[in-house]
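Biologist: I would like to go through this model with you, one question at a time. Please keep the answers short.

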Amino acid sequence: MSVITESGLRAQFPAADKLLYLDSAHQTPLSTLVRAGLDAFYDEALYTAGPKRGWLARVEEVRAQLAGFLGVDPHEIAFTKNTSEGLNIAAHGVHWEPGDNVLLLEGEHPNNAYAWLNQRADGLEVRLVPEDKKWADADTFAPHIDERTRAIAISHVMFHSGQRNDVAAITALARRHGIEVIVDAMQSVGVLDVDARALDISALASGCHKGLLVPQGLGFLYTPRNAEQLPPTYVAAAGVANTRADLVAGPEPVELRPDAHRFEIGNFNLPAIHALGASLSLIESVTTARIEEHVLALGDQLSAHLDDLGIALVGPTEREHRSHICVLDLTGPDWPDFFTAENVRLSPVRDGIRVSFGLYNTADDVDRFASILRRGLKQHAPHAA
Ligand SMILES: Cc1ncc(COP(=O)(O)O)c(C=O)c1O
């Protein structure tokens, strides 16, 4: 039995007992601890009419907590609305001239791809790089780089296959060519042991509603060392260093804050930031090293069942290239309704049925899912479309 299963964590996620919840890559169910973080905020709003100064101090505490969690400096973190906002900030901050190019994997998440595709009208070439190994590394990108390549934008873990791309190797290659690397970490933060500084990237964006266990509407952008070089597309008072005390925006030149605060626009999503404080405490009490080991072990267990059942994995099978996401090669049109009828929450994706684990899942969940699959195969055989 794993450390996580023994810890009684499951009881903190009541939804995971009401249904077979295998959809953390979509969103995670709320935990009682995160709910308590939200309640603390709402109680203050209800009974004290909003201690804004205290709440803003709390924002800085949570920023520092998140920075510590990622192994970076609080000044390198901007709170955003979601992953897309962070990716767009980074994508619009990279300097390029018409005719320059950016590399993306074919099949990237649309929220990552559109941040770049939308800039083609101004002369940016977007090169969609095919991959044949079921994961991407330096060899995947090397043949597509030339002297006009300005950036590589890549998901750490791909949402449609679960593959874990070798970001460190891709960055090492990019650095040799002076190319920026922008990472979409939506699927990996809080689940895999991400050391953002060690990845040596130009920017990393994520939302908080998957591995970080917070309801939708909060994200962050990590911009190491080069925040000063990334000009923000939008600017509000929080990002300006010379905002006047009387809050009159005068004709003097706007001095941007030198750090990631320059990317923050207006008021914060205060309830979600309170929730993030609670969820980070929960995740840190377990550690991402253990969460990663836990979800990979559940994947091993599922793979063994799939071998018995004759169902292939769409993504990689090797542990080092896998994540908490396993996509089953089940493409028949009846499968989604079958799983819904069986009270299983998962996601049909482009190449099959996506099962994704969280820290609340147990070995028993996997065995139950395998029995449901076996029943489904009897009803749906042959299982291919
Ligand atoms: C890789 C990836 N990026 C981004 C998103 C979502 O983007 P946003 O946080 O902007 O909604 C998802 C899934 O929701 C995802 O899987």
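Biologist: How far is an oxygen atom of the ligand from an N or O atom in the side chain of Ser84?

Modeller: Keep in mind that this is a predicted model. Ser84 is one of the residues around the ligand. The distance from an N or O atom in its side chain to a ligand oxygen is 2.4 Å.

Biologist: Which side chain has an N or O atom 2.9 Å from an oxygen atom of the ligand?

Modeller: Take two candidates from the residues around the ligand, Thr83 and Gln187. For Thr83, the distance to a ligand oxygen is 2.6 Å. The 2.9 Å distance belongs to the side chain of Gln187.

Biologist: What share of the ligand does the protein bury?

Modeller: Start with the ligand taken alone, which exposes 400 Å². Then put the protein back. Of that area, the protein buries 86%.

Biologist: Is Thr80 buried or exposed?

Modeller: Thr80 sits in strand S2, residues 77-80. Its relative accessible area is 7%. The cut-off for buried is under 20%, so Thr80 counts as buried.

Biologist: Which residue has its backbone nitrogen 3.1 Å from a polar atom of the side chain of Thr80?

Modeller: Thr80 touches several residues further along the sequence, including Gly219, Phe220 and Leu221. Its side chain also reaches a backbone oxygen at 3.1 Å, and that one is from Asn82. The backbone nitrogen is that of Phe220.

Biologist: How far apart are the centres of domain 1 and domain 2?

Modeller: Domain 1 covers 3-30 + 287-380, and domain 2 covers 34-284. Their contact takes 34 residues from domain 1 and 29 residues from domain 2. Taken over C-alpha atoms, the centres are separated by 28 Å.

Biologist: Which helix gives the largest share of the largest nonpolar core?

Modeller: This core has 94 residues. Phe141, Leu276, Leu328, Phe339, Phe369 and Leu373 touch the most other members. The largest share is nine residues, and it comes from residues 270-286, helix H9.

Biologist: Where does this core lie with respect to domain 1 and domain 2?

Modeller: Look at who contributes. Domain 1 gives residues to the core, and so does domain 2. The core therefore lies between domain 1 and domain 2.

Biologist: How many residues are in the other core, the one with Trp116?

Modeller: This core lies apart from the largest one. Its members include Ile89, Val102, Trp116 and Ala205. The number of residues is 24.

Conventions. Residues are numbered from 1 along each chain as its sequence is written. This is a predicted model: local features need pLDDT of at least 70, side-chain atom pairs count only at pLDDT 80 or more; totals for chains, interfaces and linings use all residues. Side-chain values use heavy atoms; hydrogens and water are left out. A nonpolar core is a set of buried Ala, Val, Leu, Ile, Met, Phe, Trp, Tyr and Cys residues joined through side-chain atoms within 4.5 Å. Buried means under 20% relative accessible area, exposed over 50%, partly exposed in between (1.4 Å probe, protein chains only). Helices (H or I, at least four residues) and strands (E, at least two) are DSSP runs, numbered from the N terminus. Domain bounds come from an automatic or database domain assignment. A residue is near a molecule or strand if one of its heavy atoms lies within 4 Å of it. A polar contact is a pair of N or O atoms within 3.5 Å; within protein, one must be able to donate a hydrogen and the other to accept it, and residues adjacent in sequence count only if both atoms are side-chain atoms. Accessible areas come from the Shrake-Rupley method with a 1.4 Å probe; for residues, only the protein chains shown count as cover. Contact means heavy atoms within 4.5 Å. Lists of a residue's contacts leave out its neighbours within four places in sequence.
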